[in-house]
Amino acid sequence: VPVPAALAVIWNGADDVVEVSDAHIDEAMRLLFDTTHQVAEGAGAAPLAALLGAEDRAGKRVGIIMTGGNVDRAHYARVLEYSPR
């Protein structure tokens, strides 16, 4: 459930809000680990998940803020073990 104070900040200053699936967040968690060796919890990987699905950002320089490495060991192991191939 969103925190009302956080939503107020978002609605007053955000240009865009996107929704990402759990599967895309897991993909972003794997990508961060595989490419940068960074451990990110789901909320920390969500900005990358949103960016990966943003076709209008192709070819542009962008930055994301990645926060949160507080991920349960068992969950993180399942995320890393998954192979879509």
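Begin the tour at the largest pocket of this predicted model, where about 520 Å³ of space lies. To find its middle, select Val18, Pro47, Ala50, Leu51 and Arg57, which lie nearest the centre of this pocket among the 20 residues that line it. Next, colour helix 2 (22-36) and helix 3 (42-52), since these are the elements that give two or more residues to the lining of the largest pocket. Helix 3 provides the largest share of that lining, with 5 residues. If you then colour the lining of the largest pocket by class, you should find 12 nonpolar, 3 polar and 5 charged residues.

Move on to the second largest pocket, which holds about 210 Å³ of space. Select Leu7, Ile10, Trp11, Ala14, Asp16, Val17 and Val18, the residues that line this second largest pocket. Its lining has 6 nonpolar residues, no polar residues and 1 charged residue. Keep Val18 selected for a moment, as it is listed in the lining of the second largest pocket and also lies among the residues nearest the centre of the largest pocket.

Now step back to the whole chain before going inside. The protein chain has 4 helices and 0 strands, and from the N terminus on its elements run α-α-α-α. Its C-alpha atoms fill a box of roughly 40 × 35 × 20 Å, taken along the principal axes. Of the 85 residues of the protein chain, 15% count as buried. Among contacts between residues at least 6 apart in sequence, 56% join residues at least 24 apart.

For the interior, select Ile25, Ala28, Met29, Leu32, Ala40, Ala45, Leu48, Ala49, Val71, Tyr76 and Val79, the 11 residues that make up the largest nonpolar core. Helix 2, helix 3 and helix 4 (73-81) each supply at least two residues of this core, and helix 2 gives the most, with 4 residues. As a general background to this selection, nonpolar side chains in soluble globular proteins tend to be buried together.

Within that core, centre the view on alanine 40. Leaving out residues up to four places away in sequence, alanine 40 touches Met29, Leu32, Ala45, Met66, Gly68, Gly69 and Tyr76.

Two of these partners make good next stops, beginning with tyrosine 76. Which residue forms an aromatic pair with tyrosine 76? Show phenylalanine 33 beside it: the two rings are arranged edge-to-face, at 6.1 Å centre to centre and with 85° between the planes. Phenylalanine 33 lies in helix 2 and tyrosine 76 in helix 4, so the pair ties together parts that are 43 residues apart in sequence. Are the two partners buried or exposed? Phenylalanine 33 counts as partly exposed because its relative accessibility is 29%, whereas tyrosine 76, at 9% relative accessibility, counts as buried.

The last stop is methionine 66, which lies in the loop between helix 3 and helix 4. At 29% relative accessibility, methionine 66 counts as partly exposed. Setting aside its neighbours within four places in sequence, you will find methionine 66 in contact with Leu32, Gln38, Val39, Ala40 and Gly44. To finish, draw a distance from the C-alpha of methionine 66 to that of valine 3: these two residues are 63 residues apart in sequence and 20 Å apart in space.

How values were computed
Residues numbered from 1 in each chain as written. Predicted model: local features only at pLDDT ≥ 70, side-chain atom pairs only at ≥ 80, totals over all residues. Heavy atoms only, no water. 1 Å grid on protein atoms, 1.4 Å probe; cavity = no way out; pocket = protein on both sides within 12 Å on 5 of 7 lines; lining within 4 Å. Points joined across faces, edges and corners; volume = space filled by probe spheres on them. Nonpolar A, V, L, I, M, F, W, Y, C, P; charged D, E, K, R; others polar. Core = buried A, V, L, I, M, F, W, Y, C linked by side-chain atoms within 4.5 Å. Buried < 20%, exposed > 50% of the residue type's maximum accessible area, 1.4 Å probe, protein only. Contact = heavy atoms within 4.5 Å. Phe/Tyr/Trp six-rings, centres within 6.5 Å; stacked < 30°, edge-to-face > 60°.
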